[in-house]
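Open the model in your viewer and keep the selection tool handy. We will walk through it stop by stop.

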Amino acid sequence: MGELGEFGLIRELTARLPMTPAVELGPGDDAAVVKAPDGRVVATTDVLIEGRHFRRDWSTAYDVGRKCAAQNLADIAAMGAVPTALLLGLVTPADLPTTWATELMDGLRDECQVAGATVVGGDVVRGDTITLAITALGDLQGRRPVVRSGAQVGDVVAVTGWLGWSAAGLTVLQRGFRSPRAFVEAHRRPEPPYHAGPAASDLGATAMVDVSDGLVADLGHVARASNADIDLRAAEFDIPAQMADIGQAVGVDPLVWVLSGGEDHAIVATFPKSTQLPARWRVIGEVVRPARPGRGGVVTVDGAPWDRTAGWDHFAEQ
């Protein structure tokens, strides 16, 4: 990086980027110009730090690019919006090989293409630890934003996407293994169901969130914002045989990964009970009246409190 220099690096990175019809002006000026036909822009941001959010001995630069793009683009989809653009802030040591940065950009670019977006700009800064600051933008295309506070008592809770796969893959990596490969790859490169977010809005979803920190934790945000409780049914969760085998090998109940594991970026939403949901959605529970009147926010499993870790919290004791 130090030999190439800041502006040489920027040229290397931006040369790899295609533009989409949503981009009026891409990289090269003080700022990009992204069309917003709806008149509103959905925006989200995340920061990823080497050693906490990714490890270079576990993931390639391309993997890291795919993953950090996915987790931001999934937030856009979970609002019922279509992703349009992504911006990258990159902090990097001067002795990092330039190929790491170009492979990172390839990963960002390819994940954006899956979602229909593109990278439109960013910044590069020298620092001691690789740090990625990602901002994603999206377009509601005339839809209302699906917020966390809209769940109603009697709504069903439904999910689409993987649950527990990334957590199982992380457990495998932490024990020094690289297989079963499907679970390790789920941790390295999550596959959010981007199109399900806008589709859920069109179906009349009342609340929605992507599963980034853990299903119980993320549904807890919905329950608190909606002043309701949510009860999940354990029998509705599909535990793949290989996940069960991993759990048996390491002494972990795989249901813990499904309910508490994050970073799969599945989309979970609440719908009126009368909604005819497509096959891709699995009903896993119901929004219920708060056990404590006026003080909703509890997520239970089969009517009982979930007494395991609910999910990830950066400032909690893990």
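## First stop: α2 against α3

Start by selecting Ala61, Tyr62, Val64, Gly65, Arg66, Cys68, Ala69, Ala70 and Leu73 in α2, which meet Trp100, Glu103, Leu104, Asp106, Gly107, Leu108, Asp110, Glu111, Cys112, Val114 and Ala115 in α3. Colour this α2–α3 contact by class and you will find 13 nonpolar, two polar and five charged residues. Please bear in mind throughout that this is a predicted model.

Now show the two helices whole: α2 covers residues 61-77 and α3 covers residues 98-115. Their axes come within 7 Å and cross at roughly 40°. That angle makes α2 oblique to α3. Turn the view until one helix lies in front of the other, and you can follow α2 as it passes α3 in a right-handed crossing.

## Second stop: α1 on α3

Keep α3 on screen and add α1, residues 6-14. How far apart are the axes of α1 and α3? They are 9 Å apart, and the two helices pack at an angle of about 35°. Here too the crossing is right-handed, as α1 passes α3. To see the contact itself, select Leu9, Glu12 and Leu13 of α1 together with Thr98, Ala101, Thr102 and Met105 of α3. By class, this α1–α3 contact has four nonpolar, two polar and one charged residues.

## Third stop: the second largest pocket

Stay with α1 and bring in β4 (82-92) and β5 (118-126); each of these three elements supplies at least two residues of the lining of the second largest pocket. Which element gives the most to that lining? It is β5, with six residues.

To centre the view on the pocket, pick Ile10, Thr14, Pro27, Gly121 and Gly122, which lie nearest its centre among the 22 residues of the lining. The space in this second largest pocket comes to about 410 Å³. Coloured by class, its lining divides into 13 nonpolar, five polar and four charged residues.

## Fourth stop: α4, α5 and the loop between them

Next, select α4 (165-174) and α5 (181-188). Their axes come within 7 Å and cross at roughly 105°, and the two helices are therefore roughly perpendicular to each other. On the α4 side of the contact, show Trp165, Ser166, Ala168, Gly169, Leu170, Val172 and Leu173; these meet Ala182, Phe183, Val184, Ala186, His187 and Arg188 in α5. This contact of α4 with α5 has nine nonpolar, three polar and one charged residues.

Before leaving, zoom in on the loop between α4 and α5, where Pro180 is found. Is the peptide bond from Ser179 to Pro180 cis or trans? It is cis, with omega near 10°.

## Last stop: an unusual phi

Finish by selecting Glu263 in the loop between α9 (254-260) and β10 (267-271). Glu263 has a positive phi of about 70°, although it is not a glycine. As background for these last two backbone details, most residues other than glycine have a negative phi, and most peptide bonds are trans.

Note on methods: Residues are numbered from 1 along each chain as its sequence is written. This is a predicted model: local features need pLDDT of at least 70, side-chain atom pairs count only at pLDDT 80 or more; totals for chains, interfaces and linings use all residues. Side-chain values use heavy atoms; hydrogens and water are left out. Axes are lines fitted to C-alpha atoms, for helices over the stretch in contact, and angles run from 0 to 180 degrees between N-to-C directions. Helices (H or I, at least four residues) and strands (E, at least two) are DSSP runs, numbered from the N terminus. Angles under 35 degrees count as roughly parallel, over 145 as roughly antiparallel, 65 to 115 as roughly perpendicular and the rest as oblique. A crossing is left-handed if the near helix is turned anticlockwise from the far one by less than a right angle, and right-handed if clockwise. Contact means heavy atoms within 4.5 Å. Ala, Val, Leu, Ile, Met, Phe, Trp, Tyr, Cys and Pro count as nonpolar, Asp, Glu, Lys and Arg as charged, and the others, Gly among them, as polar. On a 1 Å grid over the protein atoms alone, a cavity is a set of points where a 1.4 Å probe fits but cannot get out, and a pocket is an open set with protein on both sides within 12 Å along at least five of seven lines; lining residues have an atom within 4 Å of a point. Grid points are joined across faces, edges and corners, and a volume is the space filled by probe spheres set on the points.
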